[in-house]
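Biologist: Before the classifications are accepted, I should like to hear the reasoning behind each of them. Please set every value against its criterion.

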Amino acid sequence: MNRDFEPYPLLETERLILNEITDKHVEELSVILSDPEVAKHDYFYPTKTEEEVMQFIERYGEERQDNEEITWGIFEKKSKKLIGTCGLGDFLDQAKRAEVGYALAQDYWGKGYATEAIGAVIDYGFEVVGLNRIEAKITPGNESSVRVLEKNGFSREGLVRQRDCLKGQLVDSIIMGILRSDFNCIKK
């Protein structure tokens, strides 16, 4: 597997550019990460300060340098505005597996941006990284995320009871996955 993320891989879709998030994006990222609705189904609490947002940005850089995870900023091409994040991480080299995760500013929900960004990231995961499987964990109740993944060819594979701890509570996780062979069939 190729987990060398230098230089920073730039991904492009019809409406989006996926690129590095830096300290110059602190205000835009703060809008996303401070929204309780964005954080509702995720591990993090809504941020309250720019210092907390900077910790996210610093962690993104450290994880990329350590080849543990890469988190792209999702930038709208037309406005050049940061509208979300999308990451690929939790790599398991022997199984050629990784996990995808994402967050999108609420103003951009329901417009196909998450579907478009995930499509670019899974293409990168299979074609560049050399993955065989990409999976996602979804908190029950987050049906919009399930639909985004299904539009990209992911299958709902099951429910794992009390798999994760979300804000101090044990929660179930819907496991979704896509194999390289599934992706190749969709791509044709």
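**Aromatic pairs and the spaces between residues**

Modeller: In this predicted model, F56 and Y60 are separated by about one helical turn, because they stand four residues apart in helix α3 (residues 50-65).

Biologist: Why does F56 count as buried?

Modeller: Buried means under 20% relative accessible area. F56 has a relative accessibility of 10%, so F56 counts as buried. Y60, with a relative accessible area of 9%, is therefore buried as well.

Biologist: What makes the pair of W72 and Y124 edge-to-face?

Modeller: The ring centres of W72 and Y124 are 5.4 Å apart and the planes stand at 80°; pairing requires centres within 6.5 Å, and edge-to-face requires planes over 60 degrees apart, so both conditions are met. This pair links distant parts of the chain, with W72 in strand β3 (residues 69-76) and Y124 in helix α4, 52 residues apart. Both W72 and Y124 are buried.

Biologist: Which residues do ring pairs link into a cluster?

Modeller: The cluster consists of F44, F56 and Y60.

Biologist: How do you know that the charged end of R15 sits over the ring of Y113?

Modeller: CZ of Arg must be within 6 Å of the ring centre and within 35 degrees of the ring normal. The charged end of R15 is 4.0 Å from the centre of the Y113 ring and is classed as sitting over it. K111 likewise lies over the face of Y108, at 5.8 Å from the ring centre.

Biologist: How does the lining of the largest cavity divide by residue class?

Modeller: That lining has eight nonpolar residues, one polar and no charged. Among them are I74, T85 and C86.

How values were computed. Residues numbered from 1 in each chain as written. Predicted model: local features only at pLDDT ≥ 70, side-chain atom pairs only at ≥ 80, totals over all residues. Heavy atoms only, no water. 1 Å grid on protein atoms, 1.4 Å probe; cavity = no way out; pocket = protein on both sides within 12 Å on 5 of 7 lines; lining within 4 Å. Nonpolar A, V, L, I, M, F, W, Y, C, P; charged D, E, K, R; others polar. Helix = DSSP H or I, 4+ residues; strand = E, 2+ residues; numbered from the N terminus. Buried < 20%, exposed > 50% of the residue type's maximum accessible area, 1.4 Å probe, protein only. Phe/Tyr/Trp six-rings, centres within 6.5 Å; stacked < 30°, edge-to-face > 60°.
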